[in-house]
Amino acid sequence: MKIHILGPSGSGTSTLGETISKKYNFPWFDSDNFFWEQTDPPFLKKRIKKDRVQFLKRELNKNDSWVLSGSIIGWGDFIKKRLDLVIYLYIEPAIRIHRLIDRERVRYGNRIDPGNDMYKIHIEFIEWARNYERDNMNMRSRKSENEWMKDLKCKIIKIEEEMSLQKEMEIVSKEINLLLIKKRQKIIKI
């Protein structure tokens with residue numbers, strides 16, 4: 001089972017990915033870990049495209065099943081043919097931005113305060129996240145992610161309203177369970 005979860009930053013893709021991973025015992029990966037080099041402060045240096053693609057391929061190829069959360073638009077298209085399920089999460093910007101600011105505060109504390117080492121990074125990140133609805137095809141946006149999904153051959157679930165993680169899992173688990181049954185039936189027929 002190969003599952004990809006995408007949507008704007010703050011929509012809950014990582015939370016849902018980690019929850020699916022725990023329930024079904026599938027390895028969980030976040031695209032940020034492949035896209036960005038590990039630095040402190042974080043999110044300053046992008047990995048070279050060729051390197052991030054090789055890194056992602058290597059990790060995914062180690063597993064028959066996995067969950068990948070986050071955007072891979074522009075560099076991870078090779079997974080499109082492998083996918084069994086794509087989940088697109090979307091919630092209104094005000095909720096997302098509030099979540100992101102809270103998350104940044106928990107992760108980095110006063111480092112994001114004016115004058116501290118992560119203030120500029122934090123402000124730029126929040127501004128970038130606010131641009132998701134501007135439908136710019138040259139960046140991660142609602143339009144670019146929906147366009148990316150157009151030629152997928154797998155099942156797509158779109159959850160485009162705020163709901164509890166429990167409710168999201170009810171929707172997603174129903175589909176995952178059906179897909180697992182179909183896969184088992186194919187194996188038995190062979």
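1. A residue counts as exposed when its relative accessible area is over 50%. N25 is at 70% relative accessibility, so N25 counts as exposed. This is a predicted model, and the exposure value is computed from it. N25 sits in the loop between α1 (13-24) and β2 (28-30). K81 is 56 residues away from N25 along the chain, and their C-alpha atoms are separated by 22 Å.

2. Next, the open space. The largest pocket holds about 1200 Å³. Its lining is made up of 43 residues. Nearest the centre of this pocket lie S9, D32, W36, F125 and R140. By class, the lining of the largest pocket has 18 nonpolar, 14 polar and 11 charged residues.

3. Which elements each supply at least two residues of the lining of the largest pocket? They are α1, β2, α2 (32-35), α4 (93-108), α5 (119-130) and α7 (165-189). Helix α4 gives the most, with 5 residues.

4. Now the enclosed space. The count comes to 1 cavity of 30 Å³ or more. About 40 Å³ of space lies in the largest cavity. P8, S9, R96, W128, A129, Y132, M139 and R140 line this cavity. Of these lining residues, 5 are nonpolar, 1 is polar and 2 are charged. S9 and R140 deserve a second look: both are in the cavity lining, and both are listed among the residues nearest the centre of the largest pocket.

5. R96 lines the largest cavity and also takes part in a salt bridge. Its side chain meets that of E133 at 2.8 Å, N to O. E133 is in the loop between α5 and α6 (142-149) and R96 is in helix α4, so the pair ties together parts that are 37 residues apart in sequence. Are the two partners buried or exposed? R96 is buried, with a relative accessible area of 0%. E133 is partly exposed, at 24%.

6. The whole structure contains 15 salt bridges. Another one joins the side chains of R142 and E160, at 3.0 Å from N to O. R142 belongs to helix α6 and E160 to the loop between β5 (155-159) and α7, so this pair links parts 18 residues apart in sequence. Both ends are partly exposed: R142 at 26% relative accessibility and E160 with a relative accessible area of 39%.

7. E147 and K150 also meet through their side chains in a salt bridge, at 3.2 Å from N to O. E147 is partly exposed, with a relative accessible area of 36%. K150 counts as exposed, at 63% relative accessibility. Elsewhere, salt bridges that share partners join D40, R111 and D117 into one network.

8. Last, the rings. A search of the whole structure finds 8 aromatic pairs. One aromatic cluster is formed by F35, W36, F43 and W75. W36 from this cluster is also listed among the residues nearest the centre of the largest pocket.

9. Two positive side chains sit over rings. The charged end of R52 sits over the ring of W75, 5.5 Å from the ring centre. W75 therefore deserves a check on both counts, as a member of the aromatic cluster and as the ring under R52. K57 lies over the face of F78, at 5.1 Å from the ring centre.

Key
Residues numbered from 1 in each chain as written. Predicted model: local features only at pLDDT ≥ 70, side-chain atom pairs only at ≥ 80, totals over all residues. Heavy atoms only, no water. Helix = DSSP H or I, 4+ residues; strand = E, 2+ residues; numbered from the N terminus. Buried < 20%, exposed > 50% of the residue type's maximum accessible area, 1.4 Å probe, protein only. 1 Å grid on protein atoms, 1.4 Å probe; cavity = no way out; pocket = protein on both sides within 12 Å on 5 of 7 lines; lining within 4 Å. Points joined across faces, edges and corners; volume = space filled by probe spheres on them. Nonpolar A, V, L, I, M, F, W, Y, C, P; charged D, E, K, R; others polar. Phe/Tyr/Trp six-rings, centres within 6.5 Å; stacked < 30°, edge-to-face > 60°. Lys NZ or Arg CZ within 6 Å of the ring centre and 35° of its normal. Salt bridge = Lys/Arg side-chain N within 4 Å of Asp/Glu carboxyl O.
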